[in-house]
Amino acid sequence: MVDGPARALDLIDALAARGGLDGYEMLPAVRADLLRRLGRNEAAREAYLAAADATRLEPLRRLYARRIAELGADT
């Protein structure tokens with residue numbers, strides 16, 4: 001994040017493309033947060049949904065649901 005959310009997203013996507021993070025449940029959550037910070041709300045919403053599907057922890061599911069609600073439905 002030192003170089004901003006766009007650079008961080010590039011790095012996360014590069015790591016994901018290598019396949020080394022397949023199945024890592026925090027990956028979609030990190031992507032969602034970066035996308036939200038960049039104002040890419042629809043992509044962020046999709047990533048939060050993927051994050052909710054990837055976790056078994058109910059507190060995280062509630063957090064992701066709250067983030068989705070904050071994004072609104074009109075983007």
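This is a walk through a predicted model, helix by helix, with something to select at each stop.

**Stop 1: helix α2**

Start by selecting residues 27-37, which make up helix α2. Which residues of α2 are buried? Colour Leu27, Pro28, Ala29, Ala32, Asp33, Leu34 and Leu35, and you have them. Note that a charged residue, Asp33, is on that list of buried residues.

Now look at what lies over those buried residues: the cover includes α1 (5-18), α3 and α4 (58-71). Just after α2 comes glycine 39, with a positive phi near 80°.

**Stop 2: α2 against α3**

Add residues 41-54 to your selection; that is α3. The axes of α2 and α3 come within 8 Å, and they cross at roughly 160°. How do the two helices run relative to each other? The cut-off for roughly antiparallel is an angle over 145 degrees, so α2 and α3 are roughly antiparallel. As for the hand, α2 passes α3 in a left-handed crossing.

Show side chains next. On the α2 side, pick Pro28, Ala29, Arg31, Ala32, Asp33, Leu35 and Arg36. Their partners in α3 are Asn41, Ala43, Ala44, Ala47, Tyr48, Ala50, Ala51 and Ala54. Sorted by class, this contact has eleven nonpolar residues, one polar and three charged.

Stay here for a moment and click on leucine 35. Setting aside residues up to four places away in sequence, leucine 35 touches Leu9, Arg40, Ala43, Ala44 and Ala47.

**Stop 3: α1 against α2**

Swap α3 for α1, residues 5-18. Here α1 and α2 pack at about 155°, and their axes are 9 Å apart. That angle makes α1 roughly antiparallel to α2. This crossing is left-handed. From α1, select Pro5, Ala8, Leu9, Ile12, Asp13 and Ala16; from α2, select Leu27, Val30, Arg31, Leu34, Leu35 and Arg37. You should be looking at nine nonpolar residues, no polar ones and three charged ones.

Two more clicks on α1 are worth making. Aspartate 10 sits in this helix, and it counts as partly exposed because its relative accessibility is 46%. Draw a distance from its C-alpha to that of leucine 34, which is 24 residues away along the chain, and you get 9.9 Å. Then try leucine 11, also in α1. Leucine 11 is partly exposed too, with a relative accessible area of 42%. From leucine 11 to methionine 1, ten residues apart in sequence, the C-alpha to C-alpha distance is 9.8 Å.

**Stop 4: the loop between α1 and α2**

Follow the chain out of α1 and select leucine 21, in the loop that leads to α2. Is leucine 21 buried or partly exposed? Its relative accessibility is 27%, so leucine 21 counts as partly exposed. Beyond the residues up to four places away in sequence, leucine 21 touches Leu15 and Leu27. If you draw a C-alpha distance to arginine 36, 15 residues along the chain, expect 21 Å.

**Stop 5: α3 against α4**

Bring back α3 and add α4, residues 58-71. The axes of α3 and α4 come within 9 Å and cross at roughly 165°. That makes α3 roughly antiparallel to α4. The crossing of these two is left-handed. For the contact, show Asn41, Ala44, Arg45, Tyr48, Leu49, Ala51 and Ala52 in α3, along with Arg61, Tyr64, Arg67, Ile68 and Leu71 in α4. They divide into eight nonpolar, one polar and three charged.

While α4 is on screen, click on leucine 60, which belongs to this helix. What is leucine 60 in contact with, once neighbours within four places in sequence are left aside? The partners are Glu25, Met26 and Thr55. The C-alpha of leucine 60 is 9.5 Å from that of alanine 29, 31 residues apart along the chain.

**Last stop: the core**

Finish by showing the helices together. In soluble globular proteins, nonpolar side chains tend to be buried together. In this model, the largest nonpolar core has 16 residues. Select Leu34, Leu35, Tyr48 and Tyr64: these have the most contacts inside it. Which elements give two or more residues to this core? They are α1, α2, α3 and α4.

Note on methods: Residues numbered from 1 in each chain as written. Predicted model: local features only at pLDDT ≥ 70, side-chain atom pairs only at ≥ 80, totals over all residues. Heavy atoms only, no water. Axes fitted to C-alpha atoms, helices over the stretch in contact; angles between N-to-C directions. Helix = DSSP H or I, 4+ residues; strand = E, 2+ residues; numbered from the N terminus. Parallel < 35°, antiparallel > 145°, perpendicular 65-115°, else oblique. Left-handed = near helix turned anticlockwise from the far one by under 90°. Contact = heavy atoms within 4.5 Å. Buried < 20%, exposed > 50% of the residue type's maximum accessible area, 1.4 Å probe, protein only. Core = buried A, V, L, I, M, F, W, Y, C linked by side-chain atoms within 4.5 Å.
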